Amino acid sequence: MGHKKTERIDPLTRALPSGGVDSHAHLDGPEFDPDREEVLARARAAGLSGVGNVFLGPEDFNTRRAVFDRHPEVFFLLGIHPCDGQRCTPESLEAMRMAFATEPRLRAVGEIGLDFHWQDCPRELQFKAFAEQLDLARELDVPLVIHCRDAEDDCLMTLEARGFAGYPLLWHCFGGGPALARRILNNGWHISVPGPVTYPANAALREAVALIPADRLLLETDSPYLAPVPWRGRRNEPALTVFTAQTVAEARGVSPEDLWLACGKNARRFFGLEAAC
């Protein structure tokens, strides 16, 4: 017996009011070179007034930021991913420092953290890169965006031991259950929810989403990864955030429109974008 074919619903048929924000995407990558303009047009049409593009290191930032010159709705994040910890050198940290000094669209250090799922980078190098970038964010007085995969205890203990409770921090791509959500929230941090919240097996994630205070919840795609149902398995893009918003709204017992606008407001406040998008 064959599998039932998934209906790929056009996200523009589920468009929400202008004011939403995709807090985390990688639109500078080659996956979007053929149609980046169309992707950003669909994002606007779906109701997104802002998209956070994450540059994975100063080299990527310097060579690719120009693709957004005509898109003021795109704001920037910059950090060295834990799987690239060997690239966190004194020279790269200085390049990041200079980038933040000269580019007002840079709003946070991230995504940084720990990733023990892959073996691309030794753990000792990950811890070193994490600590050095935490210091840089504090020096620059900018928010943090955290990547953590299969390393929750180590990541949380590092942040707590270094005094980041109460610091403006966003836990990107949250995929845990209620216990992890509570520990993050007890530190005063924000949580960003991606497309996998729509996957049928992720009941614990939907339970956790219902616990997040309304003023500390954000939405994201992590494009081109982690497309929500009904686009799971395809390239993700910001417009598909509307499907994530619908599932999160159902889990919280609110309307998608209210959730969308509230999460957008939270993102603008967190990243200091009130006048920008």
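A search of the whole structure finds 18 salt bridges, a salt bridge being a side-chain nitrogen of Lys or Arg within 4 Å of a carboxyl oxygen of Asp or Glu. The model is predicted, so local features need pLDDT of at least 70 and side-chain atom pairs pLDDT 80 or more, while totals for chains, interfaces and linings use all residues. Residues are numbered from 1 along each chain as its sequence is written, and side-chain values use heavy atoms, leaving out hydrogens and water.

**Exercise 1.** Find the salt-bridge partners of Glu94 and Arg183.

*Solution.*
Step 1: Start with Glu94, whose side chain meets that of Arg97 in a salt bridge (2.6 Å, N to O).
Step 2: Now place this pair: both residues lie in helix α3 (residues 90-102), three residues apart, about one turn of the helix. Helices here are DSSP runs of H or I with at least four residues, strands are runs of E with at least two, and both are numbered from the N terminus.
Step 3: Turn to Arg183, whose side chain forms a salt bridge with Glu160 (2.8 Å, N to O). This pair links distant parts of the chain, with Glu160 in helix α5 and Arg183 in helix α6, 23 residues apart.
Step 4: Asp153 also meets Arg183 in a salt bridge (3.9 Å, N to O). Asp153 lies in helix α5 (residues 152-161) and Arg183 in helix α6 (residues 178-186), so this pair ties together parts that are 30 residues apart in sequence.

**Exercise 2.** Describe the setting of strand β4 (residues 106-115).

*Solution.*
Step 1: Check burial, where buried means under 20% relative accessible area, exposed over 50%, and partly exposed in between (1.4 Å probe, protein chains only). Nine of the ten residues of β4 are buried, so the strand is largely enclosed by the rest of the structure.
Step 2: Look for paired strands, meaning that DSSP finds at least two bridges between them. Strand β3 (residues 74-78) pairs with β4 in the parallel sense over three bridges, and Phe76 stands opposite Leu106 in β4.
Step 3: β4 also pairs in the parallel sense with strand β5 (residues 144-149), over five bridges. Here Asp115 stands opposite Arg149 in β5.

**Exercise 3.** Which residues does Asp222 touch, leaving aside its neighbours within four places in sequence?

*Solution.*
Step 1: Locate Asp222 in the loop between β8 (217-219) and α8 (241-252).
Step 2: List its contacts (heavy atoms within 4.5 Å): they are His24, Ala25, His26, His172 and Cys173.
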